[in-house]
Amino acid sequence: MNEEEISISFDHYLLFTKDLEKTVEWYSKVLGIKPGPTPDFDVPVHWLYLGDHPIIHAAERSPDNEIESYIGKVDYQQETGSGLIDHIAFNSTGLTKMLAKLDSLGVDYTERRVDTNSRYQIFFFDPNGVKIELDFQASEAGNRLAPS
C-alpha cells in the first residue's frame with residue numbers, strides 16, 4: 001500500500017492596497033515582478049508574476065469591492081504594514097546591480113550580514129508599508145560589510 005506523501009511549496013500571497021496601480025508599478029520597476037494574466041474575479045485585482053508564476057495577487061482594498069466573497073472577512077481598519085507577517089523574503093542574485101537600482105529609484109534600504117558565511121540581506125518597504133527582504137549568497141557580498 002502506497003502512502004500519500006505531503007508536499008508543500010510556496011504559491012502566492014495576497015497583498016491589499018489602496019493604490020493598486022502604484023503597487024503594480026512599484027513591484028514591476030523595483031523587483032521585476034510583472035503583471036500578467038489574471039482571472040476575472042469581478043473585483044480590482046492584478047496577478048504579478050515572478051517568471052511565469054503568479055507570486056503576488058494585489059487587490060484593491062475597499063469594503064465595497066466584494067473581495068470578502070472570495071477570501072472571507074477582511075479587517076479594513078489596518079492601514080499599512082504586514083500585520084502578523086513581518087516580511088516577505090525572496091532569494092536573489094545580482095547584489096551590486098540591485099543596490100545600484102534601489103539607489104537610483106530612491107528606495108531606502110538597510111543591509112545586514114550575520115557573518116561571512118551567511119546570506120547578505122537587504123530590507124526595504126513597498127508602497128503599502130510591507131517589509132521586503134532580498135537574500136543574496138554570502139559569496140556575492142565578498143568582503144562587503146553591512147553599514148552600521
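This passage looks at helix 3 and its surroundings, and then at Glu111, in a predicted model. Residues are numbered from 1 along each chain as its sequence is written, and side-chain values use heavy atoms, with hydrogens and water left out. Because the model is predicted, local features need pLDDT of at least 70 and side-chain atom pairs count only at pLDDT 80 or more, while totals for chains, interfaces and linings use all residues.

Helix 3 spans residues 95–105 (helices are DSSP runs of H or I, at least four residues, and strands are runs of E, at least two, numbered from the N terminus). Leu95, Met98, Leu99 and Leu102 are its buried residues (under 20% relative accessible area, with exposed meaning over 50%; 1.4 Å probe, protein chains only). Down the helix axis these fall within an arc of 100°, so they line one face; the arc is that of the directions from the axis to the C-beta atoms. Thr96, Lys97 and Ser104 sit exposed on the face turned away. The buried set packs against helix 1, strands 6, 7 and 8, and helix 4 (contact means heavy atoms within 4.5 Å). Right after helix 3 comes Gly106, with a positive phi near 70°.

As for Glu111, this residue lies in strand 6 and, at 12% relative accessibility, counts as buried. Its side chain makes polar contacts with those of Tyr120, at 2.5 Å, and Arg144, at 2.9 Å (N or O atoms within 3.5 Å; within protein, one must be able to donate a hydrogen and the other to accept it, and residues adjacent in sequence count only if both atoms are side-chain atoms). Leaving aside neighbours within four places in sequence, the contacts of Glu111 include Leu99, one of the buried residues of helix 3.

Technical notes
Axes fitted to C-alpha atoms, helices over the stretch in contact; angles between N-to-C directions.
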